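Colleague: Please give me a close look at a single part of this model. Pick the site you would open first on screen, and set it against its surroundings.

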Amino acid sequence: MSDPSNPNIEKRSTPQWALYQRENFLKANEGQTPPFDTDPRKLEELAREKLSQGGWYYASSNAGMSNTHLANRQAFYRHRIVPRQLVDTNLRDTTTEIFGHKVSAPIGFAPIGINKIYNPAAEIPVAKVAHELNLPYCLSTAGSTSIEQVGAANGTGPRFFQLYLPHDDELTLSLLTRAWTSGFDALILTTDTWQLGWRHDDVANSNYAFYRGVGADLGLSDPVFRRRCAEAGIDVEKDPVAASVKWIDSIWHGRAWSWETIPWLIEKWKALSGGRPFVIKGIQSVADARKCVEYGVDGIVVSNHAGRQVDGAIASLDALESIVDAVGDQIYVMFDSGVRGASDVVKALALGAEFVFVGRLWVWGLSIMGEEGVRHVMKSLLADFDILMAVGGFTSVKDFDRTMLGMSFSGSRIHPDTGF
């Protein structure tokens, strides 16, 4: 299994991630077992056993009846990869470049908030593993660790800051300044979460850790926000519940923004960062993608928040193809929502995404075994990706295009050679 003496390995520009398969097969000879099964279904089951009820509900809940979540998975199922044979994949290259960073694979850590409810170490182990594997890490504004601590844990790894935009310009600028100073060199504005979607289990169980005083550390460590608390008569140390409520109500505030705000935010970020990328996450329509181009946005993440915000919405993968056709040559297109394995990553890339983010997979790993759990999940995903390229006949991520898919967006068959 991926013979480590293969002479091609040392000639590759990327590690032989497939060796992680061999490593796990050999564990029994050493009286050991792999950490846990990374089949996404079993991952989810084990995470449910490990998490508190609140942690499980928050991680697993989707908007409404989970129809968008289901649609995301169905969209991946409709598209089929057509493998090619007798292709020399010995020197295959899994790397790609994102915003000037050469990374191990077109796979990144999606921004997910309040990691403290999944593991006491919160975002720290996730940021560490991202650096170790040279995969981009995105920190959520709803994170449960300070921006500075996460930046330090991520070392020299590529990292981006995901912003939930407060209705307080001074607070916004404080967050951006802290992020830039801490080495987060791209800004990702999420536009589909001014308020949480209606998630039945969370509502029915009053499951909102922030309202219990848990997980607001990123905000409570901000000097401008601490001043706002003092102005409101809230002592952050003595009344963390009131402070946490005020914090989360400042970023998931229920007051929508509009396109008119975007030029101001771009201007402030560009001035602060010396022109580094500005991204909008949550794009699902061609009209909005074109607006992003019009407003000078550098990149978009085609995403429906993994089905957690609008029930009955279009699958993110279904939205991707038409968006790429409309603006793919004018803006950097990324993707997330519903990714569960390497084949999903490949399908999104084949439909035109240049980069793919994963979320729940590493959350389950964090929930099960902390840092080692995140490492096991992500190394397994990289191995899966590397092996798929090897046995599927792909030498580079540039090989992934629509001609390698056996089903079209509409479900009709495409000829794998002609693309028609």
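Modeller: Start with a contrast from the surface: Glu294 is exposed, with a relative accessible area of 57%. Exposed means over 50%, buried means under 20%, and partly exposed is in between (1.4 Å probe, protein chains only). Glu294 lies in helix α13, residues 286-294. Helices (H or I, at least four residues) and strands (E, at least two) are DSSP runs, numbered from the N terminus. The C-alpha of Glu294 is 10.0 Å from that of Gln330, with the two positions 36 residues apart along the chain.

Two notes on the source. This is a predicted model, so local features need pLDDT of at least 70 and side-chain atom pairs need 80 or more, while totals for chains, interfaces and linings use all residues. Residues are numbered from 1 along each chain as its sequence is written, and side-chain values use heavy atoms, without hydrogens or water.

Now the part to look at: His305. The UniProt annotation "active site", from an unreviewed entry, covers His305. UniProt positions are in the numbering used here, feature names are shortened, and annotations may be inferred rather than shown by experiment. His305 sits in the loop between β8 (299-302) and α14 (316-327). Unlike Glu294, which is exposed, His305 is buried, at 14% relative accessible area. Count contacts as heavy atoms within 4.5 Å. Beyond its neighbours within four places in sequence, His305 then touches Tyr164, Thr190, Asp192, Thr193, Lys281 and Ser337. With Asp192 there is also a side-chain polar contact, at 3.0 Å. A polar contact is a pair of N or O atoms within 3.5 Å; within protein, one must be able to donate a hydrogen and the other to accept it, and residues adjacent in sequence count only if both atoms are side-chain atoms.

Next, the space beside His305. On a 1 Å grid over the protein atoms alone, a cavity is a set of points where a 1.4 Å probe fits but cannot get out; a pocket is an open set with protein on both sides within 12 Å along at least five of seven lines; lining residues have an atom within 4 Å of a point. Grid points are joined across faces, edges and corners, and a volume is the space filled by probe spheres set on the points. There are two cavities of 30 Å³ or more. The largest cavity has a volume of about 440 Å³. It is lined by 31 residues, and the closest to its centre are Pro111, Ile112, His305, Ala306 and Arg308. At least two lining residues come from each of α3 (53-60), β10 (355-358) and α16.

The record ties in here. The "binding site" annotation, again from an unreviewed UniProt entry, covers Tyr58, Tyr164, Arg199, His305 and Arg308. From this set, Tyr58, Tyr164, Arg199, His305 and Arg308 belong to the lining of the largest cavity.

Take the two arginines. Arg308 lies in the loop between β8 and α14. Arg308 counts as buried, at 11%. Outside the four-place window in sequence, the contacts of Arg308 are Tyr58, Ala59, Ser60, Ser61, Asn62, Ala63, Gly197, Arg199 and Arg360. Arg199 is in the loop between β6 (187-190) and α8 (200-204). Arg199 is buried too, at 3% relative accessibility. With the same window left out, Arg199 meets Tyr58, Ser61, Asn62, Ala63, Arg308 and Gln309.

Ser61 is on both of those lists. Ser61 lies in the loop between α3 and α4 (67-78), and is buried, at 5%. The side chain of Arg308 reaches the backbone oxygen of Ser61 at 2.6 Å. Past its neighbours within four places in sequence, Ser61 contacts Arg199, Asp201, Asp202, Arg308 and Arg360.

Last, follow α16 away from the cavity lining. A nonpolar core is a set of buried Ala, Val, Leu, Ile, Met, Phe, Trp, Tyr and Cys residues joined through side-chain atoms within 4.5 Å. The largest such core has 111 residues, of which Met378 and Phe385 touch the most other members. Helix α16 (residues 360-392) gives the most to this core, with 14 residues.
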